[in-house]
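Visitor: I would like to learn how to read a structure of this kind feature by feature. Could you take me through it slowly, with the general idea before each case?

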Amino acid sequence: MAFPELLDQVGGLGRFQALQTVALVVPTIWLTTQNMLENFSAAVPSHRCWVPLLDNGTAQASAPGALGPKDLLTVSIPPGPNHGPHPCRRFRQPQWQLLDPNTTATNWSEAATEPCVDGWVYDRSTFTSTIVAEWDLVCDSQALKPMAQSIYLSGVLVGAAVCGHISDRFGRRLVLTWSYLQAAVSGTAAAFSPTFPVYCLFRFLVAFVVAGIMMNTSALLMEWTSARARVLVMTLNTMAFSVGQVLMATVAYGVRDWALLQLTVSVPFFLCFVYSWWLAESARWLLLAGRLEEGLRELQRVAAINGRKAVGNALTMEVLLSAMQEELSVGQGPASPGALFRTPGLRLRTCVSTLCWFAFGFTFYGLALDLQAISSNIFLLSVLIGVVDIPAKIGILLLLNRLGRRPSQVVSLVLAGLCILANTLVPPETGILRSALAVLGLVGLGAAFTSTIIYTGELFPTVLRMTFVGMGQMAARGGAILGPPVRLLGVYGPSLPLLVYGAVPVLSGLAALLLPETRSLPLPDTIQDVQSQAVKKVTQAIQEGSVLKSTHF
């Protein structure tokens with residue numbers, strides 16, 4: 001495998017890699033705000049029906065002067081399930097008899113009520129505006145809010161299916177640049193949406209390129225970094241999601257209007273689009289795609305930025321052809337996605353890695369996309385998850401380097417699942433302990449996400465790397481779509497959703513034991529490289545067995 005040697009010559013960890021990491025990680029931070037945006041922009045405020053006595057100045061003036069707002073509310077709105085005003089019903093006519101001290105609160109009939117035909121009045125003390133209040137996504141229309149989340153996640157799923165294969169055919173940087181532009185334009189347009197369907201359409205278009213940004217960011221960082229620094233760079237990339245979680249809560253705390261919040265988290269992608277033209281295309285991909293002159297230019301450019309201009313000048317087409325002779329003879333042109341399942345060395349990796357991606361998406365988004373159900377202070381909880389996630393990812397960095405990729409993948413998934421399962425044994429009244437275990441479970445899943453990204457990139461060859469990462473992202477988003485409905489199982493038993501959420505990562509972590517270890521190995525470029533690694537492993541195992549047998553006798 002000659003490319004790692006070429007990369008070491010031009011610099012696999014230098015000024016270029018530092019600049020590239022900053023340029024790619026900053027958009028990832030803002031990308032997280034798009035993923036978690038609807039925890040705030042789609043928050044459900046307290047609400048009640050609009051009633052003339054309270055909300056119409058003329059009608060209110062005709063009411064008896066001694067009556068205050070509380071009394072007017074009593075005669076206008078029936079009590080709701082939580083003993084407050086009913087969020088979805090109102091009295092057809094004022095029920096003055098309810099003001100009589102001798103009258104019970106139940107001295108009215110269901111027939112005396114009607115739906116909120118004149119709209120709703122929302123509590124704007126926390127958010128001045130949300131999409132729920134903007135388009136009245138409450139009562140009979142309350143299912144439209146989770147539908148918006150499902151449409152967004154479906155966009156990520158479709159984008160992962162398309163962007164992964166396109167990146168392997170047309171390049172990492174081209175897809176990344178287009179993704180920045182589409183995220184900026186569609187996100188900005190969503191802030192000015194006149195109707196809910198138009199809003200969902202633009203959010204779908206944003207989600208479509210979210211997968212493209214995530215996958216191509218990881219590919220460029222991994223393919224331009226030497227093996228010894230790969231884990232560090234990829235961990236910094238995943239820590240950007242933690243920082244983005246804190247940033248989202250901070251921005252949402254200061255910007256309480258959904259449209260302005262949507263605009264705030266979308267406009268920065270215009271800047272990302274402008275400077276993305278400076279980014280270098282993956283020379284590894286260019287060479288294997290047969291675009292040798294472009295690959296040579298990128299290598300020379302990186303050498304110059306890293307202060308190794310003499311090495312870059314000495315790197316000619318003849319040197320390149322000589323060094324990459326074996327890879328170029330088998331690796332030119334895109335590989336078929338079907339090879340992931342046809343090739344014996346890739347089939348098991350594909351199935352188990354897909355399961356790990358699914359487990360992350362299913363459990364993480366099943367819990368994290370409904371922060372209101374976990375805590376009433378969604379700002380503080382969002383910050384807490386992001387802050388605690390950072391040391392967890394530093395910990396997984398140490399595990400990846402010390403224990404290896406496979407043990408880290410297994411440990412992070414299994415421990416995350418066990419923390420969630422432990423919540424089934426904790427009484428509901430111990431809210432702090434339940435919240436702590438939920439946060440630990442989410443943090444463990446964040447560590448598993450870091451491990452999965454790094455491990456996946458090292459398991460699959462360059463010619464198919466983005467194709468599989470796209471498949472993995474599809475599995476994660478498919479899990480994210482299926483995760484939230486699992487909460488409906490709570491009607492059969494309050495612990496049943498947590499049992500499902502916890503069991504899936506535990507089983508996936510155990511399945512990861514079937515994967516090969518990749519620590520300290522160079523990235524495979526071709527399918528033949530993967531097969532060679534498998535043959536080498538079998539040969540080594542046979543030799544070790546022979547040595548043990550001879551020693552025994």
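**Reading the fold, step by step**

Guide: Of the 553 residues of the protein chain, 53% count as buried, and please keep in mind throughout that this is a predicted model. The chain has 26 helices and 4 strands, and its accessible surface comes to about 23,500 Å², of which 66% belongs to carbon and sulfur atoms.

Visitor: What share of the contacts with a separation of 6 or more comes from residues 24 or more positions apart?

Guide: Residues 24 or more positions apart account for 79% of those contacts in the protein chain. One case is the pair Gly361 and Ala476, which are 115 residues apart along the chain, yet their C-alpha atoms are separated by 4.1 Å. Gly361 belongs to helix H20 (residues 344-368), and it counts as buried because its relative accessibility is 0%, where the cut-off for buried is under 20%. Leaving out residues up to four places away in sequence, Gly361 touches Gly366, Ala476, Gly479 and Ala480.

Visitor: How should I think about a nonpolar core, and which residues have the most contacts inside the largest one?

Guide: In soluble globular proteins, nonpolar side chains tend to be buried together. Here the largest nonpolar core has 121 residues, and those with the most contacts inside it are Phe3, Phe40, Trp224, Met248, Leu261, Phe269 and Leu299. Helix H10 (residues 196-223) gives the most to this core, with 13 residues. Apart from it lies another core, of 16 residues, among them Val138, Cys139, Ala148 and Cys200.

Visitor: Which residues is Trp224 in contact with, leaving aside its neighbours within four places in sequence?

Guide: The partners of Trp224 include Leu7, Gly12, Phe16, Gln17 and Gln20, as well as Ala280, Glu281, Ser282 and Ala283, and also Glu298, Leu299 and Val302.

Visitor: Where does a nonpolar surface patch lie, and which residues make it?

Guide: A patch is read from side chains on the surface, and in this model Val158, Val162, Ile166, Phe170 and Leu174 make a nonpolar surface patch of about 390 Å². The largest share of the patch, 4 residues, comes from helix H8 (residues 144-170), while Leu174 has its place in helix H9 (residues 172-191). Leu174 counts as exposed because its relative accessible area is 51%, and the cut-off for exposed is over 50%.

Visitor: How many salt bridges are there, and are Arg172 and Glu223 buried or exposed?

Guide: The count comes to 11 salt bridges, and both Arg172 and Glu223 are buried. Their side chains meet in a salt bridge at 2.7 Å, N to O. Arg172 lies in helix H9 and Glu223 in helix H10, so the pair ties together parts that are 51 residues apart in sequence. Arg172 also forms a salt bridge with Asp168, the closest N and O atoms being 2.8 Å apart. The relative accessible area is 8% for Asp168, which is buried, and 0% for Arg172.

Visitor: Which other charged residues should I look at?

Guide: Arg405 forms a salt bridge with Glu458, the closest N and O atoms being 2.9 Å apart. This pair links distant parts of the chain, with Arg405 in helix H22 (residues 405-422) and Glu458 in helix H23 (residues 431-459), 53 residues apart. Arg405 is buried, and so is Glu458. Elsewhere, Arg90, Arg92, Glu114 and Asp118 are linked in a network of salt bridges.

Visitor: How do I read a single helix, and what follows H21?

Guide: One can compare its span with the expected one, then ask which residues are buried. Helix H21 (residues 378-402) has 25 residues and reaches 36 Å from its first C-alpha to its last, close to the 36 Å expected at 1.5 Å a residue. Among the buried residues of H21 are Ile378, Phe379, Leu381, Ile385, Asp389, Lys393 and Leu400. H21 is followed by Gly404, whose phi is positive, near 110°.

Visitor: And which residues does Thr467 touch, not counting those up to four places away in sequence?

Guide: Thr467, in helix H24 (residues 462-482), touches Gly164, His165, Asp168, Pro337 and Leu340. Thr467 counts as buried, at 10% relative accessibility. Asp168, one of its contacts, is the residue that forms a salt bridge with Arg172.

Definitions and conventions. Residues numbered from 1 in each chain as written. Predicted model: local features only at pLDDT ≥ 70, side-chain atom pairs only at ≥ 80, totals over all residues. Heavy atoms only, no water. Helix = DSSP H or I, 4+ residues; strand = E, 2+ residues; numbered from the N terminus. Buried < 20%, exposed > 50% of the residue type's maximum accessible area, 1.4 Å probe, protein only. Contact = heavy atoms within 4.5 Å. Patch = residues over 30% accessible without salt bridge, like charges linked within 9 Å, V, L, I, M, F, W, Y side chains within 5 Å. Areas by Shrake-Rupley, 256 points an atom, 1.4 Å probe, with all protein chains shown as cover. Salt bridge = Lys/Arg side-chain N within 4 Å of Asp/Glu carboxyl O. Core = buried A, V, L, I, M, F, W, Y, C linked by side-chain atoms within 4.5 Å. Expected span 1.5 Å × (residues − 1).
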